Amino acid sequence: MSDPSTTPPDDFTAVILQVFRTNGQMIAWGDHFSAPFGLTSARWQMLGALALSPTPLTAPQIAFNMGVTRQGAQKQLNLLLDEELAQKQPNPYHKRSPFYQLTDKGQALYQRVATDWSQHAKEVGQAFSSQELATTLKVLSRISKLHETTE
């Protein structure tokens with residue numbers, strides 16, 4: 001493990017610039033991948049946040065978990081509601097911040113997308129070792145933690 005005090009700032013900047021570039025590429029790729037399902041990357045992201053949560057979530061919780069603004073999450077949640085892919089549930093702790101969960105239709109759509117994603121992840125994942133992926137996850141998680149903000 002390297003000593004952070006000896007890491008040149010340009011190296012960290014290069015990593016962050018690559019994260020920005022990769023994020024943009026993944027959003028464009030995700031739009032293309034999810035289009036046959038009638039989704040965009042943003043809606044796929046919200047669908048996944050709801051599908052993968054063991055309990056219903058509020059818009060602020062989803063936004064925090066997904067690293068997007070509350071307003072951005074709310075916009076996509078409203079689209080999922082309009083398409084009857086998600087539904088609101090009363091939140092006894094906050095009347096103006098309902099819980100969201102997938103409808104049966106939303107769960108079925110998520111499963112279809114997840115099946116195709118699983119195949120893609122299996123194919124692309126073979127380009128990396130388990131150690132490379134674990135290290136990448138660890139570094140990105142640490143960068144995220146060091147830059148957490150509250151809205």
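**Exercise 1. Decide whether Glu-84 is buried or exposed, and describe its surroundings in this predicted model.**

Solution. Glu-84 has a relative accessibility of 53%, and because the class "exposed" begins over 50%, Glu-84 counts as exposed. The next step is to place the residue in the fold: Glu-84 sits in the loop that joins α4 (70-82) to β2 (86-89). Its backbone deserves attention as well, since phi of Glu-84 is near 60°, a positive value in a residue other than glycine. Finally, when residues up to four places away in sequence are not counted, Glu-84 touches Thr-103, Lys-105 and Gly-106.

**Exercise 2. Carry out the corresponding analysis for Thr-58: is this residue buried or exposed, and which residues is it in contact with?**

Solution. Thr-58 belongs to strand β1 (residues 57-58). Its relative accessible area is 7%, and because buried means under 20%, Thr-58 is classed as buried. With neighbours within four places in sequence left aside, the contacts of Thr-58 are Asn-91, Ser-97, Pro-98, Phe-99 and Tyr-100.

**Exercise 3. Identify the residues that make the nonpolar surface patch of about 440 Å², and state which helix contributes its largest share.**

Solution. The patch is made by Val-15, Leu-17, Val-19, Phe-20 and Leu-140. Helix α1 (residues 9-34) supplies the largest share, namely four residues. Phe-20, which lies in helix α1, may be examined individually: its relative accessibility is 57%, and it therefore counts as exposed.

**Exercise 4. Classify the aromatic pairs that Trp-29 forms with Phe-33 and with Trp-117, and explain what the second pair ties together.**

Solution. The structure holds six aromatic pairs. One of them joins Trp-29 and Phe-33, whose rings lie 4.8 Å centre to centre with 15° between the planes, a stacked arrangement. Both residues are in helix α1, and because they are four residues apart there, about one helical turn separates them. Trp-29 is partly exposed, at a relative accessible area of 27%, whereas Phe-33, at 13%, is buried.

For the second pair, the ring centres of Trp-29 and Trp-117 are 5.9 Å apart and the planes stand at 70°, so this pair is edge-to-face. Since Trp-29 lies in helix α1 and Trp-117 in helix α5 (residues 104-125), the pair ties together parts that are 88 residues apart in sequence. Trp-117 is itself partly exposed, with a relative accessible area of 33%. As a last step, the pairs can be placed in a wider setting, for ring pairs link Trp-29, Phe-33, Phe-37, Trp-44 and Trp-117 into a cluster.

Notes
Residues numbered from 1 in each chain as written. Predicted model: local features only at pLDDT ≥ 70, side-chain atom pairs only at ≥ 80, totals over all residues. Heavy atoms only, no water. Helix = DSSP H or I, 4+ residues; strand = E, 2+ residues; numbered from the N terminus. Buried < 20%, exposed > 50% of the residue type's maximum accessible area, 1.4 Å probe, protein only. Contact = heavy atoms within 4.5 Å. Patch = residues over 30% accessible without salt bridge, like charges linked within 9 Å, V, L, I, M, F, W, Y side chains within 5 Å. Areas by Shrake-Rupley, 256 points an atom, 1.4 Å probe, with all protein chains shown as cover. Salt bridge = Lys/Arg side-chain N within 4 Å of Asp/Glu carboxyl O. Phe/Tyr/Trp six-rings, centres within 6.5 Å; stacked < 30°, edge-to-face > 60°.
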